[in-house]
Amino acid sequence: MSGHGHHPTAEEAAALFEPPGWDERYSGEEKIWSGNPNAQLVAEVAGLTPGTALDVGCGEGGDVIWLARQGWRVTGTDFSANGLARAARHAEQAGVADRTEWWQVDARTFAADGRSYDLVTSHFLHPPDGGMVEVTRRLAGAVAPGGHLLVVGHAPSEGFPHLTASHRRAMFVAEELLPGLPDDFEALVVEQRPRTVTRDGVTLDIHDSTLLARRAS
């Protein structure tokens, strides 16, 4: 959902909801993201005891690498093969390849299939047409008893003037994800957190929709 300084056509916007669009975006040499961990991940996870983690929609692997450096064993997933290849290279360069593994999967069809993790996290996934509620339900199924689920996304904002209507509709507030939590989850954080960013030399105030929930032991 990036593309700062460029107003995508409807066709280009639709492509960014699908793997080929991201494979193309990750096909060049230039880094797309900063490589820094997402702010809400650091805020919520820094105090947790490291265990196993699943990062869904890991992109170039910035969050995976940060988690691995904190002592977690991390599986990074993305629907883009090129994104995963970049993430694996970055993990190797960061010296944490032995604490990471990679899994190509689309969050919209994700199934835990018996796998479970102490932490399941996803940042800035925005499937179309309100699909993040179903994604949240799928991700919750991968959380081990006593584990945590952290889902963060863009709240609706005027700070994204380059986005199409379809991308704006894919944004959400944290409360909208609550129907995706199974009954054995307790919501610990349900809020929009302010954050200041700079895009194309312009400083903007945006909000991260943040849902943190814990599964009963």
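Helices here are DSSP runs of H or I with at least four residues, and strands are runs of E with at least two, numbered from the N terminus. On that basis, the predicted model reads α-α-α-β-α-β-α-β-β-α-β-α-β-β along the sequence, which comes to 7 helices and 7 strands. The chain has 217 residues, and 48% of them count as buried. Its accessible surface is about 10200 Å², with 48% of that belonging to carbon and sulfur atoms. Contacts reach well along the sequence: among those with a separation of 6 or more, 69% link residues 24 or more positions apart.

Turning to the interior, the largest nonpolar core holds 24 residues, and Leu-54, Phe-110, Val-120 and Leu-149 have the most contacts inside it. Two or more residues each come from β1 (52-56), β4 (117-123), α6, β5 and β7 (202-215), with α6 giving the largest share, 4 residues. A second core, separate from this one, has 19 residues, including Ala-53, Leu-119, Val-152 and Leu-212.

Val-120 is worth a closer look. Leaving out residues up to four places away in sequence, Val-120 touches Leu-54, Leu-139, Ala-142, Val-143, His-148, Leu-149 and Leu-150. One of these partners, Ala-142, sits in the loop between α6 (132-140) and β5 (143-154). Despite that loop position, Ala-142 counts as buried because its relative accessibility is 0%, against a cut-off of under 20%. With the same sequence neighbours left out, Ala-142 touches Leu-54, Phe-110, Ala-112, Arg-115, Ser-116, Tyr-117 and Val-120. Asp-113 is 29 residues from Ala-142 in sequence, while their C-alpha atoms are 8.3 Å apart in space.

How values were computed: Residues are numbered from 1 along each chain as its sequence is written. This is a predicted model: local features need pLDDT of at least 70, side-chain atom pairs count only at pLDDT 80 or more; totals for chains, interfaces and linings use all residues. Side-chain values use heavy atoms; hydrogens and water are left out. Buried means under 20% relative accessible area, exposed over 50%, partly exposed in between (1.4 Å probe, protein chains only). Contact means heavy atoms within 4.5 Å. Accessible areas come from the Shrake-Rupley method with a 1.4 Å probe; for residues, only the protein chains shown count as cover. A nonpolar core is a set of buried Ala, Val, Leu, Ile, Met, Phe, Trp, Tyr and Cys residues joined through side-chain atoms within 4.5 Å.
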